[in-house]
Amino acid sequence: MKLNELAATKLMELLRNKECSALEIIEDTFREIERKEPEIEAFITLTKETAFENAKRIDEKIASGSELGSLAGIPIAVKDNICTKGVRTTAASKILENFVPTYNATVVEKLNAADAIMVGKANLDEFAMGSSCETSAFKKTKNPHNIEYVPGGSSGGSAAAVAANESVLALGSDTGGSVRLPASFCGVVGLRPTYGAISRYGLLPLASSFDQVGPLGRTVADVELLFNVISGRDPKDSTTVNFKTKNNSDFDVKNLKVGVPEEYFGNFIDEEVKKSVLKMIEFFKKSGAQIKKVNVPHMEYMLPIYSVVLTIEAASNLARYDGMCFGLRAKEFKDLEQMYANTREEGFGDEVKRRIILGTFLSSSESGSAYMQRAIAAKNELLKAHDELFKLCDILITPTGPTQAFRLGEICDPMKMYAMDLCTLAPSILGFPAIAVPCGKGQNNLPIGAQLIGQRYCEQLLFEAGKFFERNYL
Amino acid sequence: MSFNLEHVGKLAKFVLTEEEIKKFDGQIKEILELIEILPDVPQNGENRVNINQRCGLREDIETSSISIDEVLSNAPQKKAGCFVAPSLR
Amino acid sequence: MKEIIYKGSEPSLEYDVVIGLEVHVELSTKTKMYCGCKNIFGGRVNSNCCEICLGMPGTLPTVNKKAVEYAIKAGLAFDCTINKKTSFARKNYFYPDLPKSYQISQANFPLCVGGFVEILLDEGRKTKKISLRQIHMEEDAGKLIHDESLGLTLVDYNRAGVPLIEIVSMPELSSAQEVKAYLETIRNTLMCLGVSDCRMQEGSMRCDVNVSLKPKGSEILGTRCEIKNVGSFNGAVKAVECEINRQKDVLNAGGQIKQITMRWDESKNDNVIMREKESAVDYRYFEEPDLPILEIDEAEIEKIKKTIPELPNAKLARLMKDYGIVYADANLLVSNLDKCEMFESVAKLEKCAPNKVANWLLGDVSRILNEKNIELKDSKLNVRNFSEMLELIEEGKISNTAGKTVLEEIMENDITPLEVIEKNGLVQINDEEALKAIAAEVLSTNPQISELYDKGKTNILGFAVGQCMKLSKGQGNPVIFQKIVADLIKRG
């Protein structure tokens with residue numbers, strides 16, 4: 001077995017026991033990257049040279065007996081909307097094609113401190129706006145399980161890299177489902193943490209109220225390992241919290257109360273997906289967990305709330321790309337106004353423009369300006385309903401995506417694309433953690449992912465339930 | 001509510017082609033329709049998304065600035081240590 | 001813009017003038033509002049910048065604790081209510097001096113609300129309370145440097161992110177003079193609190209002025225016009241006067257006021273139109289999602305309250321009452337804390353009348369400081385050498401004229417007044433016999449003095465005393481000379 005195919009937890013063990021070296025891990029990983037990348041196209045930028053240097057440095061550390069970081073020698077792909085000092089960070093947009101940050105995102109600093117080895121910057125939908133990875137200005141990543149299909153988005157490159165063994169771990173970012181959906185499409189594990197659990201400092205913002213960095217891996221234990229390294233209060237991000245996940249070391253499936261919200265199993269869910277997720281629920285039931293049918297009121301508010309908040313915040317967050325201080329500046333312009341307009345016209349793709357225009361309108365005086373308040377009031381209603389729901393159960397199990405991965409180019413209508421997020425929006429809007437766990441395969445060899453949703457700060461319970469499932473499910 | 005794509009485009013600093021206007025107008029109106037199901041509520045209270053958080057404060061202690069080379073490293077145009085804009089006079 | 005004939009007159013009796021002000025003041029914290037970069041004026045371009053104040057993608061703001069404290073302090077000084085929960089908001093607009101393309105300000109939940117600024121009018125005989133709408137926190141923008149030769153605008157972001165408070169008044173001011181008094185009170189108060197140095201010439205205090213006119217006694221407000229970014233007290237006064245006159249002329253000619261935004265052009269000595277209403281800016285405010293709600297602790301407010309010193313209005317009244325000095329002097333003193341402190345310390349020693357201390361301080365001391373372009377604290381004048389000098393004059397040891405020489409020296413060098421007197425031989429001669437000899441010599445070499453005096457031209461005495469002073473190299477006591485010369489002439 002090649003080293004790059006092993007789990008991070010296993011590799012750590014081999015490395016500590018000197019059964020393999022960091023260099024060997026990186027060699028295997030890059031051999032795989034070079035073999036598969038022409039087809040998969042998971043990366044925008046590869047950092048082979050520094051990866052090899054770092055691997056050698058870690059091997060020296062091992063040889064000299066110095067203390068190792070908790071991700072020593074583990075290859076990791078970093079989504080290309082997370083700032084890396086000296087390494088181009090593009091957000092898959094023409095407007096940042098040549099942008100080289102002068103600083104590291106806090107999560108990247110933490111990875112470095114933990115001796116992880118970055119192998120490259122992973123592809124995504126432009127500025128993380130999309131559910132298929134197809135809005136990237138540079139390349140279209142393919143689903144490693146079937147290259148005629150999309151990997152999901154927006155963290156499609158991160159999920160594909162992990163699924164294709166081009167990396168062991170990956171960082172993605174999740175605004176409305178951008179870690180969970182591609183994890184589900186690519187058959188890997190992906191976590192959206194509690195809002196504020198992981199620093200956003202250095203993550204190029206889409207919607208600040210929803211954005212979170214999220215870990216991806218091939219096992220729940222790997223995702224847990226990575227989460228523990230990158231989470232925690234960051235003085236540079238005022239929205240981070242002093243994170244203490246509830247300890248569930250005494251996890252017993254017989255005490256687990258699983259809520260099954262009826263609304264997540266409606267007609268919009270593909271039959272095969274439904275079947276697969278229900279089988280997982282059946283497994284928990286047979287294992288002794290209590291299964292409860294529950295209802296989530298006002299599902300119809302999800303997409304409207306998300307659209308309002310996201311577009312208003314995105315329009316403001318992306319206003320800084322104006323050709324002034326960094327990024328693209330149009331070649332042709334007569335004056336300041338033209339410089340702005342031509343730069344933004346050239347630099348942004350359709351999906352980005354569409355959302356900026358909508359957000360600009362929704363926050364303008366023309367719209368009456370009440371949309372944000374209306375969205376927040378609706379959100380507060382949803383929050384109350386979910387707080388009630390979690391009095392009845394510990395976790396919810398739902399599908400992650402309404403369908404399996406779809407074909408490249410299959411969905412062109414933006415509304416149909418937005419509908420891909422329907423199952424993942426609630427945790428995003430409410431700030432709850434949710435983990436996507438593979439629960440089977442359907443037609444065309446394509447994976448299906450279930451979503452486990454917990455209350456704020458209940459990541460550990462999600463990990464325990466996920467690990468139990470992984471260990472015991474066929 | 002009146003949605004005027006050209007006007008909003010200007011606010012957002014875009015020059016939209018006719019093709020784009022045709023394409024976006026319908027798409028955005030479709031989303032606007034969807035959004036209209038949000039309940040109309042009186043405006044009051046803490047109107048923010050994340051209400052469970054409280055703001056920490058930073059001590060007034062200097063941290064080092066970055067070098068002028070770093071400041072300007074991504075500038076599309078620079079001159080005499082400054083960023084450059086088209087003439088505003 | 002329509003030509004304005006500046007009449008410098010009081011507003012017409014037919015109109016009430018309604019003025020509201022937004023005053024922006026830079027806070028004198030060590031670091032910027034949302035990042036740890038140095039907050040200082042000047043310096044090499046773009047040398048006090050980091051990824052945060054440059055608005056680099058992915059960066060996030062953090063709130064400067066000191067800036068919040070200073071803003072609360074200002075709020076308490078003006079009797080505002082401090083909101084226990086306050087939040088930040090984004091003000092969105094594109095401009096090259098704004099790297100994020102939005103300014104982090106406050107909108108619906110500002111830190112301080114209500115309160116008032118009490119201004120003194122009519123030489124302090126009248127007071128007027130100007131209500132405040134709010135005081136909120138925000139960040140400054142970068143600086144544009146227009147290069148005509150290159151046909152470019154250069155941008156320096158050293159100032160970007162510097163903490164500001166914006167003090168927003170209700171439209172309750174009614175003349176240029178009130179505007180001036182209002183601005184002075186704000187400046188004196190903030191300087192007294194130590195939250196800002198309020199240097200208008202460095203742009204650390206600027207204001208936007210809203211002016212409207214309505215028929216006298218009318219309840220309905222007229223259309224208001226705004227003058228943005230006025231950078232000096234005189235500018236504010238002139239901008240307001242010009243705008244009042246312009247609006248009066250338009251109304252008197254039967255015209256209507258259109259809502260316009262202008263800026264004060266110092267070189268043209270007039271307001272220049274920036275934009276008309278149709279192109280009004282839509283700032284699309286919304287709550288800043290990168291900064292959670294800020295909760296202010298009651299205990300913290302109480303703690304800050306205790307640090308508030310005696311405020312300028314109270315100080316001014318006390319100076320007039322306790323030291324018997326005139327309003328004009330007291331007003332000048334409260335506008336300069338160092339001088340005020342020096343005044344009180346020296347006056348308390350009672351070496352001479354307080355008004356003499358004030359005269360020296362506001363006259364020759366200020367003149368010398370201005371000539372050298374320095375502040376009092378940069379000179380060598382201190383309570384000890386200053387009071388010694390005043391005592392020497394008071395005791396008649398030196399003349400006022402010699403005092404000026406002494407002052408120049410002790411402000412410049414480490415030398416005591418006595419040492420200056422000794423070095424320059426400035427001791428006043430009070431010995432009548434010695435003075436009589438000098439006077440006699442003057443009268444004998446200038447016989448015309450006695451002749452003219454006898455013909456009734458008694459003012460020739462002044463000339464005689466002058467000659468005596470000259471002959472005595474300035475050391476003779478002029479009062480005694482006066483007496484002696486008169487005696488000698490009368491005696492013939």
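**Exercise 1.** Find the bridge partner of A:Ile435 in S11(A), and describe how S10(A) is paired and enclosed.

*Solution.* In this predicted model, A:Ile435 has A:Leu452 as its bridge partner in S11(A), where strands are DSSP runs of E with at least two residues and helices are runs of H or I with at least four, numbered from the N terminus. The next step is to look at the whole pair: S10(A) and strand S11 (residues 447-453) of chain A run antiparallel and are joined by seven bridges, and two strands count as paired if DSSP finds at least two bridges between them. Five residues lie between the strands of this hairpin, and A:Asn444 takes a positive phi near 55° there.

Then turn to the other partner, strand S5 (residues 189-192) of chain A, which pairs with S10(A) in the antiparallel sense over three bridges; here A:Ala434 of S10(A) is the bridge partner of A:Arg192. Finally, strand S10 (residues 434-441) of chain A is largely enclosed by the rest of the structure, because six of its eight residues are buried (20 or more other C-beta atoms within 10 Å of the residue's own, with C-beta atoms placed from the backbone).

**Exercise 2.** Determine the span of H15(A), and list what covers its buried residues.

*Solution.* Helix H15 (residues 459-472) of chain A has 14 residues and reaches 20 Å from its first C-alpha to its last, close to the 20 Å expected at 1.5 Å a residue, the expected span being 1.5 Å times one less than the number of residues. Its buried residues include A:Leu461, A:Leu462, A:Phe463 and A:Phe469. Among the elements that cover the buried residues of H15(A) are S5, helix H7 (220-230), helix H8 (271-286), S10 and S11 of chain A.

**Exercise 3.** Describe the side of chain B that touches chain A.

*Solution.* Begin with the counts: 42 residues of chain B are in contact with 57 residues of chain A, contact meaning that the C-beta atoms, placed from the backbone, lie within 7 Å. On this side of chain B, the elements that give two or more residues are helix H1 (5-11), helix H2 (18-35) and strand S3 (82-86) of chain B, and H2(B) gives the most, with seven residues.

**Note on the model.** Residues are numbered from 1 along each chain as its sequence is written, while chains are lettered from A and ligands numbered from 1 in the order in which they are written. As the model is predicted, local features need pLDDT of at least 70 and side-chain atom pairs count only at pLDDT 80 or more, whereas totals for chains, interfaces and linings use all residues.

Note on methods:
A residue is buried if 20 or more other C-beta atoms lie within 10 Å of its own, exposed if 12 or fewer, and partly exposed in between; C-beta atoms are placed from the backbone. Two residues are in contact if their C-beta atoms, placed from the backbone, lie within 7 Å.
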